[in-house]
Amino acid sequence: MTAGPKIVLYHNFQRKKLENQKTPEHEKMRFILIAVSLVNIILYYTAYAYFDNILAALAVFDLPVGFLTFLKYFIVFILGFLIGFLIILGIKLRIRMNYFDIKVLLLVGFIPASAMILYYTGIVDFILNRISGSGGTAGELYYYFFSRTDIWSLWLGTAAGSSVRVRSAPAKKYRHQAMQ
């Protein structure tokens, strides 16, 4: 009976020893992910910064305004996603598998998602016009708070990017390899 707990402790010790070892291929993979994320952040930021010039070049194709607006906010969302993903890569979380943490997305992304929904549906605008009329302090507050969809898209993208969990631990070792 005493041999059982010793074997379990030995296996736990070996498993922790293997988890703490950093293999060069995983560090290389993490470095490559960080480098690619930084390059993509620069590219998407450049695309957002020159979006008016891009619109002038796309004017030849006579694209709908709604699609161009979607494209602009999609670029900002992807920029935020890459920023959030870069933050998660920098934290060095110890996880067992890759997954998307929906709870983090719901907690962090609730405010920007609801602000964008309320702005584009016009529900708050309708209520404010019924209660206080078209002018006033409440109308200005509504406009300056909800109309910043660039910021809301960036925040929502950052929430989505920080919800991604990527495993950067060493590859799984089998028992016959771990106990030599």
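# Exercises on a predicted model

Of the 180 residues of the protein chain, 25% count as buried. The model is a predicted one, and the exercises below proceed from the overall fold to individual residues.

## Exercise 1. The fold

Task: State how many helices and strands the protein chain has, and in which pattern they follow one another.

Solution. Step 1: the protein chain contains nine helices and two strands. Step 2: in sequence order, these elements give the pattern α-α-α-α-β-α-α-α-α-β-α. Step 3: the contacts complete the overview, since among those with a separation of 6 or more, 88% come from residues 24 or more positions apart. Step 4: the accessible surface of the chain is about 12800 Å², and carbon and sulfur atoms hold 68% of this surface.

## Exercise 2. Aromatic pairs

Task: Classify the ring pair of Phe 81 and Phe 85, and then the pair of Phe 145 and Phe 146.

Solution. Step 1: a pair of aromatic rings is described by the distance of the centres and the angle of the planes. Step 2: the whole structure contains six aromatic pairs. In the pair of Phe 81 and Phe 85, the ring centres are 6.4 Å apart and the planes stand at 5°. Planes under 30 degrees apart count as stacked, so the pair of Phe 81 and Phe 85 is stacked. Step 3: both residues belong to helix H4 (residues 65-91), where they are four residues apart, about one turn of the helix. Phe 81 is partly exposed, at a relative accessible area of 26%, whereas Phe 85 is buried, at 11%.

Step 4: the rings of Phe 145 and Phe 146 have centres 4.9 Å apart and planes at 90°, and the pair is therefore edge-to-face. Phe 145 is partly exposed at 42%, while Phe 146 is buried at 13%. Step 5: ring pairs join Phe 145 and Phe 146 with Trp 152 and Trp 155 in a cluster.

## Exercise 3. The salt bridge

Task: Identify the side chains that meet in a salt bridge, and locate both residues in the chain.

Solution. Step 1: the structure holds one salt bridge. The side chains of Asp 101 and Arg 165 form it, with an N to O distance of 3.7 Å. Step 2: Asp 101 lies in the loop between strand S1 (99-100) and helix H5 (102-121), and Arg 165 lies in strand S2; the two residues are 64 residues apart, and the pair links distant parts of the chain. Step 3: both Asp 101 and Arg 165 are buried.

## Exercise 4. The nonpolar core

Task: List the residues of the largest nonpolar core and name the helices that each supply at least two of them.

Solution. Step 1: in soluble globular proteins, nonpolar side chains tend to be buried together. Step 2: the largest nonpolar core has seven residues, namely Ala 115, Met 116, Val 124, Leu 128, Tyr 142, Phe 146 and Trp 152. Step 3: at least two residues of this core come from each of H5, helix H6 (123-132) and helix H7 (137-146). Step 4: with residues up to four places away in sequence set aside, Tyr 142 touches Leu 118, Tyr 119, Val 124, Asp 125, Leu 128 and Ser 147.

## Exercise 5. A nonpolar surface patch

Task: Name the residues that make a nonpolar surface patch of about 640 Å², and give the exposure class of Phe 74.

Solution. Step 1: the patch is made by Val 60, Phe 61, Leu 63, Phe 67, Phe 70 and Phe 74. Step 2: Phe 74 is located in helix H4. Step 3: the relative accessibility of Phe 74 is 38%, so this residue counts as partly exposed.

## Exercise 6. Two loop residues

Task: Decide whether Ser 162 is buried or exposed, and do likewise for Asp 62.

Solution. Step 1: Ser 162 occupies the loop between helix H8 (149-161) and strand S2 (164-165). Its relative accessibility is 16%, and buried means under 20%; Ser 162 therefore counts as buried. Step 2: beyond its neighbours within four places in sequence, Ser 162 is in contact with Gly 84, Phe 85, Ile 88 and Val 104.

Step 3: Asp 62 is in the loop between helix H3 (51-58) and H4. Asp 62 reaches 68% relative accessibility and so counts as exposed. Step 4: although Asp 62 is not a glycine, its phi is positive, at about 55°.

Key
Residues are numbered from 1 along each chain as its sequence is written. This is a predicted model: local features need pLDDT of at least 70, side-chain atom pairs count only at pLDDT 80 or more; totals for chains, interfaces and linings use all residues. Side-chain values use heavy atoms; hydrogens and water are left out. Rings of Phe, Tyr and Trp (its six-membered ring) pair if their centres lie within 6.5 Å; planes under 30 degrees apart count as stacked, over 60 as edge-to-face and the rest as tilted. Buried means under 20% relative accessible area, exposed over 50%, partly exposed in between (1.4 Å probe, protein chains only). Contact means heavy atoms within 4.5 Å. A salt bridge is a side-chain nitrogen of Lys or Arg within 4 Å of a carboxyl oxygen of Asp or Glu. A nonpolar core is a set of buried Ala, Val, Leu, Ile, Met, Phe, Trp, Tyr and Cys residues joined through side-chain atoms within 4.5 Å. Patches are made of residues with over 30% relative accessible area and no salt bridge: like charges are joined within 9 Å, nonpolar side chains (Val, Leu, Ile, Met, Phe, Trp, Tyr) within 5 Å. Accessible areas come from the Shrake-Rupley method with a 1.4 Å probe; for residues, only the protein chains shown count as cover.
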